[in-house]
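Visitor: I would like to learn how to read a ligand site and a nonpolar core. Where do we start?

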Amino acid sequence: MTDLKGKRILLGLSGGIAAYKAAELTRLLTQAGAEVQIVMTAAACRFITPVTMQALSGNPVHSDLWDASVPNNMAHIELSRGCDAIVVAPASADFLAKLAQGLCDDLLSTLCLARECPLLVAPAMNLQMWGNPATQRNMKQLREDGIAILGPASGDQACGEVGMGRMLEADEIFEEIEAFFQPKLLAGKRVLITAGPTFEPIDTVRGITNTSSGKMGYAVARAARDAGAVVTLVSGPTALAAPRGMERIDVSSAQEMYDAAMARVAKADVFIGVAAVADYRPKNAKPHKLKKGTGDMTLQLQPNPDILGTIAARRKAPFCVGFAAETENLDAYADAKRRRKKVPLLAANLAQHAFGADDNQLILFDDKGRHELARAPKLELARALVAHIAKLLPKK
Ligand code: PMT
């Protein structure tokens with residue numbers, strides 16, 4: 001089950017070289033089970049053909065305000081009714097200016113004006129056009145009008161210049177659309193999350209770590225962000241891309257993770273410890289590469305600080321959520337861990353199914369007992385966890 005299954009999305013394309021990304025976006029939306037209706041301006045049709053967009057959306061493409069094939073000849077009304085959202089990607093400087101002024105001289109601008117549903121736009125233009133005070137005035141107006149602005153991003157531009165104004169990638173726009181439909185259960189909350197493994201150095205090139213990929217923690221961070229929270233993600237070493245729209249602090253060892261979390265916890269309403277933090281680190285890590293000896297070697301370990309335990313014990317502790325990965329006796333060990341760490345909520349998973357996997361299965365333990373979340377992609381579980389947290393948060 002995806003969040004966009006059954007959603008009716010009208011995807012509008014105005015003229016811009018980024019129109020090619022709309023093809024991939026259409027594919028992502030239809031794969032997620034959304035019903036996609038394409039509307040293109042005349043300029044958009046010069047960058048990408050309606051045939052491509054029809055093939056990918058599985059629906060006829062509309063671009064004419066005077067379309068006699070629409071029964072009542074009012075394509076702008078007909079198409080904008082019953083949509084869950086209109087997304088304009090790419091939204092050119094010209095199109096955004098028209099929206100800001102309420103102009104409607106073609107099908108796409110007219111149906112945007114006639115809409116009853118939310119409108120999301122993904123600006124795409126040259127950096128000077130984006131930075132121009134006229135465009136910035138228009139963007140301010142659009143924000144005030146309640147239109148969601150997706151991006152733009154900074155980077156290489158088709159014209160050869162580098163800077164702000166390039167349209168987000170298709171997968172980023174897709175993520176933003178998914179986020180848009182999430183209930184804002186954590187609006188106004190600040191959430192601090194640890195994710196991934198830690199790396200405890202033995203010498204300058206070796207260390208102790210574990211197989212946490214960071215996927216569960218990043219999914220929780222994304223779910224919290226999509227639920228409207230301001231998220232800070234303290235991440236151990238992972239291969240995952242930094243999620244958009246949150247602060248990410250990269251750390252390596254448990255001590256660094258502890259320091260980063262402690263420096264930020266005072267401002268947090270919620271702390272979620274998803275990281276697989278090493279309980280011990282080598283004593284006296286060597287500042288050079290250890291030489292091979294002849295016999296056995298003993299590695300002496302010393303305990304790491306307990307991040308979750310320390311945060312939960314604070315006088316003004318945020319709402320604390322722990323994770324527990326166990327290979328057996330999941331219920332008993334997890335519940336005992338929740339009591340030992342004195343946290344109101346703990347999510348337990350089987351280590352052999354959780355580490356590195358895309359799917360997971362969670363059992364949530366709180367004061368009311370256990371709540372099973374069936375096997376599902378980590379993002380789906382993370383959204384369910386966030387909903388559970390929102391229910392338990394003290395009402396102000
Ligand atoms: O990253 P993935 O590949 O997606 O895998 C996800 C996961 C399996 C790592 C995750 O779902 C998970 O279970 N994380 C907790 C792993 C664990 O067993 O933690 P623990 O039992 O060592 O610690 C219990 C809790 O205390 C955790 O919330 C942990 O973050 C926290 N802790 C532990 C030790 C320590 N020094 N400081 C801590 O804050």
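Guide: Start with a polar contact, a pair of N or O atoms within 3.5 Å. Here, a backbone N or O atom of P305 sits 2.9 Å from a nitrogen atom of the ligand. F323 has a polar backbone atom 2.9 Å from an oxygen atom of the ligand. In K378 the side chain takes part: one of its N or O atoms is 2.7 Å from a ligand oxygen atom.

Visitor: How much of the ligand's accessible area does the protein cover?

Guide: Accessible area comes from the Shrake-Rupley method with a 1.4 Å probe. On its own the ligand has 770 Å², and the protein covers 95% of that.

Visitor: What should I know about the model itself?

Guide: It is predicted: local features need pLDDT of at least 70, side-chain atom pairs count only at pLDDT 80 or more, and totals for chains, interfaces and linings use all residues. Numbering runs from 1 along each chain as its sequence is written, and side-chain values use heavy atoms, without hydrogens and water.

Visitor: Which residues of the shell are closest to the ligand?

Guide: A shell residue has a heavy atom within 4 Å of the ligand. There are 26, and S212, S213, G273, K337 and G356 are the closest.

Visitor: Which element gives the most to that shell?

Guide: Elements are DSSP runs: helices (H or I, at least four residues) and strands (E, at least two). Strand 16 gives the most, four residues.

Visitor: And which residues does V220 touch?

Guide: Contact means heavy atoms within 4.5 Å. Leaving out residues up to four places away in sequence, V220 touches I193, I272, V274, F323, A382, L385 and V386.

How values were computed. Polar contact = N/O pair within 3.5 Å; in protein donor to acceptor, adjacent residues only side chain to side chain.
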